[in-house]
Amino acid sequence: MNKKQSIKRGIWILLTVVWMAVIFGFSSDTADESSSLSLDVGKIICSIFVPEYEEMEPMQQECMAEAIEYPVRKSAHATEYMILGILLSMSAGNTGDSKKNLQNMLWCVGIASVYAVSDELHQLWSPGRSCQIRDMVIDCGGAIIGIAVVNSIRILWHRKNKRNC
C-alpha cells in the first residue's frame, strides 16, 4: 500500500470511528429525547409528502407524525448502520483479490454486528431505553446493505475498467 492509499484508508477509518461515536450519542439519548427526535423527523416527512399537512390543525399534524414515528425510528436504525457498513467497507479497501475482498466483507459484517449488539446493550443504561433483538437485526441488515452496495459498485467498476483496457 502506497502513502496515498494509506492516507485515504486512514481518513475512512477516522470517519468510521466518528460515525460510531454519532451512533453512540444517539443511543445515549433518553427515551423522551429519542421519541422527540423521531417525532420531529416524522413532522418533516409529513410536511414534504402530505400536501395538505400545513393546513391541518396542530393536533392533526401531531397525530399524523405519531402515526409514522415507529417506521421512522426503525428506518433510522437501518440507515445509521447502512452508513456504518459503507464506511467500514471503504475502510477495508479493495484489494483486487475477490477472495480477500470477501474476507474483508465478512469482517465488516462482523464488526458492524458486534457494534450493533454493544449499541443495544448500551441503551440499557439510557433512561427509558431498552435492548431489543429486533433492533439488532435491523442494524445488521442495514450494515449488510451498505457493505453490499459498496462492494457491488466495486465489482461493476472493476468490470467496466476491465472492458475498457
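What radius of gyration does the protein have, and what would a compact globule of 165 residues have?

**Figure 1. Overall dimensions of the predicted model.** The protein in this predicted model has a radius of gyration of 19 Å, whereas a compact globule of 165 residues would have one near 15 Å. Taken along the principal axes, its C-alpha atoms fill a box of roughly 60 × 40 × 25 Å. The secondary structure comes to six helices and zero strands, so that the order of elements from the N terminus reads α-α-α-α-α-α.

**Figure 2. Surface, burial and charge of the protein.** About 10,500 Å² of the protein is exposed, and carbon and sulfur atoms supply 68% of that area, while 32% of the 165 residues count as buried. The side chains include 16 positive and 17 negative ones, and the centres of these two sets lie 25 Å apart. Of the contacts between residues at least 6 apart in sequence, 70% join residues that are at least 24 apart.

**Figure 3. Helix α5 and the helices that cover it.** Helix α5 takes in residues 98-122, and its 25 residues reach 36 Å from the first C-alpha to the last, close to the 36 Å expected at 1.5 Å a residue. The buried residues of α5 are N101, N104, C108, A112, Y115, A116, D119, E120 and H122. An α-helix has 3.6 residues a turn, so residues three or four places apart point the same way. The cover over the buried residues of α5 includes α1 (3-28), α4 (69-92) and α6 (133-164).

**Figure 4. Helix α1 and its packing against α4 and α5.** The end C-alpha atoms of α1 are 37 Å apart, which agrees with the 38 Å that its 26 residues should span at 1.5 Å a residue. Within α1, the residues T16, M20, I23 and S27 are buried, and the buried residues of this helix pack against α4 and α5.

**Figure 5. The surroundings of S27 in helix α1.** S27 has a relative accessible area of 2% and therefore counts as buried, the cut-off being under 20%. Leaving aside residues up to four places away in sequence, S27 touches D119, H122, Q123, S126 and R129. Two of these contact residues, D119 and H122, are themselves buried residues of α5. S27 and D119 stand 92 residues apart in sequence, yet their C-alpha atoms are 6.8 Å apart in space.

Conventions:
Residues numbered from 1 in each chain as written. Predicted model: local features only at pLDDT ≥ 70, side-chain atom pairs only at ≥ 80, totals over all residues. Heavy atoms only, no water. Helix = DSSP H or I, 4+ residues; strand = E, 2+ residues; numbered from the N terminus. Rg over C-alpha atoms; globule rule 2.2 N^0.38 Å. Buried < 20%, exposed > 50% of the residue type's maximum accessible area, 1.4 Å probe, protein only. Contact = heavy atoms within 4.5 Å. Areas by Shrake-Rupley, 256 points an atom, 1.4 Å probe, with all protein chains shown as cover. Lys, Arg positive; Asp, Glu negative; His and termini not counted. Charge placed at Lys NZ, Arg CZ, Asp CG, Glu CD. Expected span 1.5 Å × (residues − 1).
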